[in-house]
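Hi everyone, thanks for making time for this. I'd like to walk you through one structure today, so please have the viewer open and follow along with me.

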Amino acid sequence: MRISLALKEKKYFSEEIINYSKSGKKYWLKIDCNPIYDDHNHHVGFIAIESEITERKLKEAKIKEQNEILKKTAWFN
(Lines give C-alpha, C1' and ligand atoms only; values in the text may rest on other atoms or scores of the structure.)
Protein backbone atom coordinates (compact mmCIF):
# COMPACT_ATOMS: atom_id res chain seq x y z
CA MET A 1 0.00 0.00 0.00
CA ARG A 2 2.80 2.45 0.89
CA ILE A 3 4.64 1.63 -2.34
CA SER A 4 1.51 2.12 -4.46
CA LEU A 5 0.77 5.43 -2.76
CA ALA A 6 4.33 6.71 -3.22
CA LEU A 7 4.26 5.74 -6.91
CA LYS A 8 0.87 7.37 -7.39
CA GLU A 9 2.10 10.57 -5.69
CA LYS A 10 5.44 10.39 -7.56
CA LYS A 11 7.44 10.43 -4.31
CA TYR A 12 10.65 8.78 -3.12
CA PHE A 13 10.28 5.61 -1.08
CA SER A 14 12.47 3.05 0.61
CA GLU A 15 10.91 -0.27 1.60
CA GLU A 16 11.94 -3.77 2.62
CA ILE A 17 9.72 -6.48 1.19
CA ILE A 18 9.54 -10.26 0.93
CA ASN A 19 9.65 -11.55 -2.64
CA TYR A 20 9.56 -15.04 -4.15
CA SER A 21 11.69 -16.58 -6.87
CA LYS A 22 10.17 -18.59 -9.73
CA SER A 23 10.95 -21.74 -7.75
CA GLY A 24 9.00 -20.36 -4.77
CA LYS A 25 12.02 -19.53 -2.59
CA LYS A 26 11.40 -16.58 -0.29
CA TYR A 27 13.92 -13.72 -0.19
CA TRP A 28 14.09 -10.14 1.12
CA LEU A 29 14.56 -7.04 -1.02
CA LYS A 30 15.30 -3.45 -0.07
CA ILE A 31 13.95 -1.04 -2.67
CA ASP A 32 15.03 2.60 -2.92
CA CYS A 33 13.00 4.39 -5.59
CA ASN A 34 13.18 7.98 -6.85
CA PRO A 35 10.95 9.80 -9.32
CA ILE A 36 12.63 11.24 -12.43
CA TYR A 37 11.69 14.63 -13.88
CA ASP A 38 12.71 16.27 -17.14
CA ASP A 39 14.06 19.81 -17.59
CA HIS A 40 10.49 21.14 -17.53
CA ASN A 41 9.71 19.42 -14.21
CA HIS A 42 7.43 16.84 -15.87
CA HIS A 43 7.48 13.40 -14.34
CA VAL A 44 8.99 10.93 -16.82
CA GLY A 45 9.46 7.80 -14.72
CA PHE A 46 11.22 6.25 -11.76
CA ILE A 47 14.63 4.83 -11.03
CA ALA A 48 14.92 2.07 -8.43
CA ILE A 49 17.80 0.27 -6.78
CA GLU A 50 16.95 -3.15 -5.38
CA SER A 51 19.28 -4.89 -2.95
CA GLU A 52 18.86 -8.50 -1.83
CA ILE A 53 19.03 -8.40 2.01
CA THR A 54 18.01 -11.93 3.02
CA GLU A 55 21.27 -12.64 4.87
CA ARG A 56 20.96 -9.42 6.88
CA LYS A 57 17.34 -10.24 7.79
CA LEU A 58 18.33 -13.74 8.93
CA LYS A 59 21.09 -12.29 11.14
CA GLU A 60 18.65 -9.74 12.61
CA ALA A 61 16.19 -12.54 13.43
CA LYS A 62 18.94 -14.57 15.11
CA ILE A 63 20.01 -11.56 17.21
CA LYS A 64 16.41 -10.94 18.22
CA GLU A 65 16.04 -14.59 19.24
CA GLN A 66 19.27 -14.45 21.27
CA ASN A 67 18.13 -11.25 23.00
CA GLU A 68 14.86 -12.93 24.00
CA ILE A 69 16.81 -15.85 25.49
CA LEU A 70 19.05 -13.43 27.41
CA LYS A 71 16.00 -11.54 28.75
CA LYS A 72 14.44 -14.79 29.97
CA THR A 73 17.74 -15.89 31.54
CA ALA A 74 18.17 -12.53 33.28
CA TRP A 75 14.59 -12.70 34.56
CA PHE A 76 15.20 -16.11 36.16
CA ASN A 77 18.31 -14.82 37.92
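Before we look at the hairpins, one definition: two strands count as paired here if DSSP finds at least two bridges between them. And please keep in mind that this is a predicted model.

With that in hand, let's begin at the hairpin of β2 and β3. Five residues sit between these two strands, and among the residues of this hairpin Asn 41 takes a positive phi near 65°. Asn 41 belongs to the loop between β2 and β3, and that phi comes up although the residue is not a glycine. Most residues other than glycine have a negative phi. Is Asn 41 buried or exposed? With a relative accessible area of 59%, Asn 41 is exposed.

Now the strands on either side of that loop. Strand β2 covers residues 26-37, and nine bridges join β2 to β3 in an antiparallel arrangement. If you want one pair to click on, take Asp 32, whose bridge partner in β3 is Ile 49.

How many bridges join β1 to β2? There are eight, and these two strands also run antiparallel. Two pairs to look at here: Asn 19 has Tyr 27 as its bridge partner in β2, and Tyr 20 has Lys 26. The hairpin of β1 and β2 has five residues between its strands, and there Gly 24 takes a positive phi near 95°.

Let's put the sheet together. Three strands make an open sheet in the order β1-β2-β3, with antiparallel pairing. Strands β1, residues 13-20, and β3 stand at the edges with a single partner strand each, so one side of each has no neighbour in the sheet. From one strand to the next, the twist averages 30°.

Staying with β3 for a moment: how many of its ten residues are buried? The number is one, so β3 lies largely in the open. Val 44 is a good example to show you. Val 44 is found in β3, which spans residues 43-52, and it is exposed because its relative accessible area is 54%, where the cut-off for exposed is over 50%. Together with Ile 36 and Ile 47, Val 44 makes a nonpolar surface patch of about 260 Å².

Next, the charged pairs. The structure holds nine salt bridges. One of them is between Arg 56 and Glu 16, with the closest N and O atoms 2.5 Å apart. Arg 56 lies in helix α2 and Glu 16 in strand β1, so this pair ties together parts that are 40 residues apart in sequence. Both ends are partly exposed: Arg 56 has a relative accessible area of 33%, and Glu 16 has 30%.

Glu 16 has another partner to point out, since its side chain also meets that of Lys 57 in a salt bridge, at 2.8 Å from N to O. That pair, too, links distant parts of the chain, with Glu 16 in strand β1 and Lys 57 in helix α2, 41 residues apart.

Back in β2, the side chains of Lys 30 and Asp 32 meet in a salt bridge at 2.9 Å, N to O. Lys 30 is partly exposed at 23% relative accessible area, and Asp 32 is partly exposed at 21%. Returning to Glu 16, salt bridges that share partners join Glu 16, Arg 56, Lys 57 and Glu 60 into one network.

Last stop: the loop between α1 and β1. Tyr 12 has its place there, with α1 covering residues 2-8. At 47% relative accessibility, Tyr 12 is partly exposed. Which residues does Tyr 12 touch, leaving aside those up to four places away in sequence? They are Ala 6, Asp 32, Cys 33, Asn 34 and Pro 35. For a sense of distance, the C-alpha atoms of Tyr 12 and Glu 60 are separated by 26 Å, and these residues are 48 apart along the chain.

Lys 10 is found in that loop between α1 and β1 as well. Lys 10 has a positive phi of about 55° although it is not a glycine, and its relative accessible area of 36% makes it partly exposed.

That's my tour, so over to you for questions.

Key: Residues are numbered from 1 along each chain as its sequence is written. This is a predicted model: local features need pLDDT of at least 70, side-chain atom pairs count only at pLDDT 80 or more; totals for chains, interfaces and linings use all residues. Side-chain values use heavy atoms; hydrogens and water are left out. Patches are made of residues with over 30% relative accessible area and no salt bridge: like charges are joined within 9 Å, nonpolar side chains (Val, Leu, Ile, Met, Phe, Trp, Tyr) within 5 Å. Accessible areas come from the Shrake-Rupley method with a 1.4 Å probe; for residues, only the protein chains shown count as cover. A salt bridge is a side-chain nitrogen of Lys or Arg within 4 Å of a carboxyl oxygen of Asp or Glu. Helices (H or I, at least four residues) and strands (E, at least two) are DSSP runs, numbered from the N terminus. Buried means under 20% relative accessible area, exposed over 50%, partly exposed in between (1.4 Å probe, protein chains only). Axes are lines fitted to C-alpha atoms, for helices over the stretch in contact, and angles run from 0 to 180 degrees between N-to-C directions. Contact means heavy atoms within 4.5 Å.
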